[in-house]
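Work through the exercises below with the model open. Each task is followed by a stepwise solution.

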Amino acid sequence: MAMNGVLRPGHAALRVLDLDEGIEFYGKVLGLQETGRDKQGRVYFKAWDERDHNSVVIRQADRAGIDFFAFKVDSVATLNRLDSDLRAYGVPTERIPAGEMLETGERVRFEIPSGHLIELYAEKSDVGNGQSYLNPEAWVPAAEKGIAPVRMDHCLLYGPDIEKVQKLFHEVLGFYTVEHIVLDDGVTDLAIWLSTSIKAHDIALVRHPEPGKLHHVAYLLDSWEKVLRAADLMSINRVPIDIGPTRHGVTRGTTIYAFDRSGNRFETFCGGYQSYPDFQPIKWTMSDVGRGIFYHDRKLNDAFLTVLT
Ligand SMILES: [Fe+2]
């Protein structure tokens, strides 16, 4: 099954240790636009070229990490069908009423075997990208404010039983595997990159004993030059850089990994190839895992497998 009505990543709900620092970082440094605050104290952001009301939501907590990650589906009918398909598959679901998140319709939430909460939803208010839908310009001033990604693009999650996650995403949600890294036993995947679109990945997972961990949320930039500009802005704003600017072998994207003020890793990246569901998945072996993750260094850094939130 492929392309089953799941459109794209919709929102990432992140925990930060200090809300004011989070607002400063996601608003001014990363350059997302704040679109609202709710009674629970959550602060909502969107990237400048996104049209829906929010894609990143932060709240203050005692530990950093990710509360949930959501995908937008193409209709309420699809939302209801996938809810019923998930239950039939044996995955309990929870319906979260419309309006529980600002400007967001009803959500279907479920836990995947890696210990993460995933949501589906069909409706979110279209607030636009600051342009008219009639005869627009190419960009708006917000496109140059801070790092200014065009969208929240994907996440990489760490947890156990990723083969069960892969089966669920394949068989119920219609995702397909684009690339994977196989451990030395030749059978077990260390990591999988899954797509519900023609992107090289919409979500990725790495096998890890502790459930529910976040490796990074990624934000798309238009060009390699903008990746370099993002690196400059990270230095100007004293943002700790994990690695890069460099390139991934997997997906071929150009990238920087860095950390927000609470230690959540984020990625600013550009490129990667376009994929289709009929493509044969690309396999990487442990002998070349360093080149797969960091194409230029050709070795993993210590943080890649150990620094998580
Ligand atoms: Fe990534």
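**Exercise 1.** How many cavities of 30 Å³ or more are there?

Solution. The model is predicted. The count comes to 2 cavities. The largest cavity has a volume of about 120 Å³. For the second largest cavity the volume is about 40 Å³.

**Exercise 2.** Describe the lining of the largest cavity.

Solution. Step one: 14 residues line the largest cavity, and the closest to its centre are Trp193, His201, His248, Tyr257 and Glu267. Step two: S9, strand S15 (253–259) and strand S16 (265–271) each give two or more residues to this lining. Step three: by class, the lining holds 7 nonpolar, 6 polar and 1 charged.

**Exercise 3.** Which elements each supply at least two residues of the lining of the second largest cavity?

Solution. They are strand S11 (189–195), helix H5 (289–293) and helix H6 (302–306). S11 has the largest share, 3 residues. Among the lining residues are Leu190, Ala191 and Trp193. The class split is 10 nonpolar, no polar and no charged residues.

**Exercise 4.** Identify the protein donors of the iron ion and place the two histidines.

Solution. Step one: the donors are His154 (NE2), His216 (NE2) and Glu267 (OE), at 2.0 to 2.1 Å from the iron ion. Step two: their spacing along the chain is H-x61-H-x50-E. Step three: His154 lies in strand S9 (residues 151–159) and His216 in strand S13 (residues 213–220), so the pair ties together parts 62 residues apart in sequence. Step four: apply the cut-off for buried, under 20% relative accessible area. His154, at 1% relative accessibility, is therefore buried. His216, at 2%, is buried too.

How values were computed: Residues numbered from 1 in each chain as written. Predicted model: local features only at pLDDT ≥ 70, side-chain atom pairs only at ≥ 80, totals over all residues. Heavy atoms only, no water. Donors = N, O, S within 2.8 Å, 3.2 Å for Na, K, Ca; no water. Helix = DSSP H or I, 4+ residues; strand = E, 2+ residues; numbered from the N terminus. Buried < 20%, exposed > 50% of the residue type's maximum accessible area, 1.4 Å probe, protein only. 1 Å grid on protein atoms, 1.4 Å probe; cavity = no way out; pocket = protein on both sides within 12 Å on 5 of 7 lines; lining within 4 Å. Points joined across faces, edges and corners; volume = space filled by probe spheres on them. Nonpolar A, V, L, I, M, F, W, Y, C, P; charged D, E, K, R; others polar.
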